[in-house]
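Visitor: I am new to this structure, and I would like to understand the reasons behind the words used for it. Could you take me through them with care?

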Amino acid sequence: MAGVVESREWHLAAYAPEGVPTSDHLKLRTVTLSLDADSIPDHHLIVQNIFISVDPYQRTLMSGLEDGLYFPQTKLNEVVRASTIARVIGSKDSSYREGDIILNPFGPIAEYCVIPSALHLRKVDPASELPLQEYLSSLGLPGFAAWVGIEVLGDPKPGSNVFVSAAAGGVGMFAGQLAKLKGCRVIGSTGSDEKVKLIKEEFGYDDAFNYKTETDLDAALSKYFPNGIDIYFDNVGGEMLEAVLNHVNTHARIPVCGMISQYKKIWTERQGVRNLLNMVGKEVRMEGFLVGSHLNRFGDFAKEMESYIKEGKISSKLKIYHGIESYLESLGSLFTSSNFGKVIIEVKK
């Protein structure tokens, strides 16, 4: 292998403390990358990205503010990162060979890049019959987040009443299906009638509602949960979390995966929750979590989820954007009511 390649990559030109990042904040640039073996540092790989995951948490890395998720902020002029599926095209590590397909949980959003092999890389089994995109969806961080929240923190029991917000999103679609497989009654909330239909017909939710039309959230939860809520898988925070706390049962569990309704605001302008005292009276356990703290369970998750997929018990919905240039558009789409399923970029058609 020798020569050079031109690679396009997205970098952070300016912080965006509020709103959705625009072309003022994120810019696409072209760099030249040497493919010569001598240019690869020891214990590094040159990879070509095939698929790139687009997730709401990425927005929080571009604000310049150390709060909320407390992930290290992307530095100005630095390439932004995401989970990627990539093909190894050069290696200075005996554990990886040219042609290997790898899952990189925190790779540069670029067409080509040099990465250290010491990262938490995972090889994709070439004998796997599953589409590569699923390693960024059902078998990737979205599926793992849903599994940790439901299986590990939610502790579901048959007959438990489970509520999932952002139920048609990349994580929510799996959270509801996993709860159903545990014998729970599952209700979801989404931002459109089309997505209400989707999660009921394709993901097996018992029922669902559009929070944009059923705007009295307290009344909606009274309607759908006459016997209260045992598990609330929280993806949105804000007004929905406040409403849920008026309907929780004693010893309810609230795994907090994210709060997408709050990501575009500085913390002083976010929605406050006024009824946290209900957590005391109902002895509620609310726990935020990051999947990185549960990597010791990833093997258990992967085995269980792959079995579900092969048996047809779990389905996913992918929204594919084409070309590295689509990252800005695809990131913005996450914060619209039309978004559904897992958003992924196919780097080259």
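Guide: Let us begin with Ser23, which sits in the loop between β1 (4–12) and β2 (26–34); please keep in mind throughout that the model is predicted.

Visitor: Why is Ser23 called partly exposed?

Guide: Buried means under 20% relative accessible area and exposed means over 50%. Ser23 has a relative accessibility of 43%, and therefore it counts as partly exposed. The C-alpha atom of Ser23 is separated by 40 Å from that of Val162, a residue 139 positions away along the chain.

Visitor: What makes helix α2 count as mostly covered?

Guide: Helix α2 spans residues 141–154, and 11 of its 14 residues are buried. Among them are Phe144, Trp147, Val148 and Leu153.

Visitor: Where does helix α2 bend, and by how much?

Guide: The bend lies at Val148 and comes to about 25°, and Val148 is itself one of the buried residues of the helix.

Visitor: What is notable about the phi of Asp155, and why is this residue called partly exposed?

Guide: Asp155 follows α2 and belongs to the loop between α2 and β8 (161–164). Its phi is positive, about 50°, although Asp155 is not a glycine. As for exposure, the relative accessible area of Asp155 is 39%, so with the limits at 20% and 50% it is partly exposed. Asn77, in the loop between α1 (57–60) and β4 (81–91), is likewise a residue other than glycine with a positive phi, near 75°.

Visitor: How many cavities of 30 Å³ or more does a search of the whole structure find, and what lines the largest cavity?

Guide: The search finds 1 such cavity, and about 30 Å³ of space lies in the largest cavity. Its lining consists of Leu153, Arg253, Ile254, Pro255, Arg285, Met286 and Glu287, with β12 (248–256) and β13 (285–288) each supplying at least two of these residues. The lining divides into 4 nonpolar, no polar and 3 charged residues. Leu153, part of this lining, is also among the buried residues of α2.

Visitor: How do you know that β14 and β15 are paired?

Guide: Two strands pair if at least two bridges are found between them. Strand β14 (residues 318–322) and strand β15 (residues 342–346) are joined over 5 bridges in the parallel sense, so they satisfy that condition. Within this pairing, Leu318 stands opposite Lys342 in β15. Together with helix α9 (residues 327–333), the strands β14 and β15 make a right-handed β-α-β unit.

Conventions: Residues are numbered from 1 along each chain as its sequence is written. This is a predicted model: local features need pLDDT of at least 70, side-chain atom pairs count only at pLDDT 80 or more; totals for chains, interfaces and linings use all residues. Side-chain values use heavy atoms; hydrogens and water are left out. Helices (H or I, at least four residues) and strands (E, at least two) are DSSP runs, numbered from the N terminus. A crossover is right-handed if, with the strands pointing away from the viewer, the path from the first strand over the helix to the second runs clockwise. The bend at a residue is the angle between axes fitted to the seven residues ending there and the seven starting there. Buried means under 20% relative accessible area, exposed over 50%, partly exposed in between (1.4 Å probe, protein chains only). On a 1 Å grid over the protein atoms alone, a cavity is a set of points where a 1.4 Å probe fits but cannot get out, and a pocket is an open set with protein on both sides within 12 Å along at least five of seven lines; lining residues have an atom within 4 Å of a point. Grid points are joined across faces, edges and corners, and a volume is the space filled by probe spheres set on the points. Ala, Val, Leu, Ile, Met, Phe, Trp, Tyr, Cys and Pro count as nonpolar, Asp, Glu, Lys and Arg as charged, and the others, Gly among them, as polar.
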